[in-house]
Amino acid sequence: MKELQKETPNSGGEYHFSELQIPPGTNLERRVQQYLLQHPRYADPYHRSPEHTFYVADRDVSNLMLKPIERIAQYLLKKLAYWRDHRTSLDRFEHYTERYPELENVFLDRLLQFIDAPDFKGAWEVNGIDTIYAIGRDHANDDTLFEFETRVFVLHFGWSS
């Protein structure tokens with residue numbers, strides 16, 4: 001993922017594909033909530049300062065929504081296209097490099113082969129919360145979960161200043 005990102009204009013962010021160490025169970029949404037609650041910013045979704053206290057909705061795990069992904073290959077193609085062309089004020093160059101399309105194809109093929117397993121249960125788009133403190137680590141986070149019988153992986157795209 002990092003090699004792929006180096007060939008895009010996006011010089012911020014931390015693209016990654018990694019395993020999440022979430023608690024076992026049958027309800028993925030609840031398991032992800034429990035994982036997030038291990039981090040103090042999600043355990044208390046309030047910003048507190050001497051002058052103000054206010055609720056931060058995108059740190060409240062009850063707002064987490066996992067949207068099932070029906071057509072995974074098409075979904076991934078759209079995600080890759082979006083982040084391939086993602087532009088910010090901190091871009092390293094105008095467009096993705098000539099090397100990028102080949103790397104994208106290799107990455108997509110490997111990911112689709114990886115999930116073509118008997119214990120693969122499904123893919124889920126993460127919505128409703130900001131994953132900066134636990135999963136994504138970027139100011140703008142775009143996360144997809146891949147659920148297997150005993151493991152969960154995240155595909156993360158994002159941008160940070």
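This passage describes the overall make-up of the structure, its salt bridges, and the surroundings of two further residues.

The structure is a predicted model, and the protein in it contains five helices and seven strands. Read from the N terminus, these elements follow one another in the order α-β-α-α-β-β-β-α-α-β-β-β. The protein has 161 residues, of which 45% are buried, and its exposed surface amounts to about 9,200 Å², with carbon and sulfur atoms supplying 50% of that area. When contacts between residues at least 6 apart in sequence are considered, 65% of them join residues that are at least 24 apart.

Side chains of opposite charge can pair when their charged atoms come close. In this model the count of salt bridges comes to six, and several of them can be described individually. One of these is formed by the side chains of E125 and K79, with a distance of 3.4 Å from N to O. Because E125 belongs to strand β5 (residues 120-127) and K79 to helix α4 (residues 72-84), this pair ties together parts of the chain that are 46 residues apart in sequence. Both partners, E125 and K79, are buried.

K79 also takes part in a salt bridge with D142, in which the closest N and O atoms are 2.8 Å apart. Here again distant parts of the chain are linked, since D142 is placed in strand β6 (residues 140-148) and K79 in helix α4, with their positions 63 residues apart in sequence. D142 counts as buried because its relative accessibility is 15%, which falls under the 20% limit for that class. K79 is likewise assigned to the buried class, its relative accessibility being 13%. Through these two pairings, K79 in helix α4 is connected with E125 in strand β5 and with D142 in strand β6.

A further salt bridge is found between K121 and E147, whose closest N and O atoms are 3.6 Å apart. K121 lies in strand β5 and E147 in strand β6, so that this pair ties together parts 26 residues apart in sequence. Salt bridges with shared partners join R31, K121 and E147 into one network. The accessibility of K121 and E147 can be stated separately: K121 is partly exposed, because its relative accessible area is 41% and the partly exposed class spans the range between 20% and 50%, whereas E147 is buried, with a relative accessible area of 4%.

Two further residues, Q33 and A43, may be considered in turn. Q33 is located in helix α2, which covers residues 28-37. With a relative accessible area of 11%, Q33 is buried. Apart from its neighbours within four places in sequence, Q33 is in contact with V61, S62 and L64. A43, by comparison, is part of helix α3, which covers residues 40-43, and A43 is partly exposed, with a relative accessible area of 49%. The C-alpha atoms of A43 and V61 are 8.2 Å apart in space, while the two residues are separated by 18 residues in sequence. V61 is thus a point of reference for both residues, being one of the contacts of Q33 and the residue to which the distance from A43 is given.

Definitions and conventions. Residues numbered from 1 in each chain as written. Predicted model: local features only at pLDDT ≥ 70, side-chain atom pairs only at ≥ 80, totals over all residues. Heavy atoms only, no water. Helix = DSSP H or I, 4+ residues; strand = E, 2+ residues; numbered from the N terminus. Buried < 20%, exposed > 50% of the residue type's maximum accessible area, 1.4 Å probe, protein only. Contact = heavy atoms within 4.5 Å. Salt bridge = Lys/Arg side-chain N within 4 Å of Asp/Glu carboxyl O. Areas by Shrake-Rupley, 256 points an atom, 1.4 Å probe, with all protein chains shown as cover.
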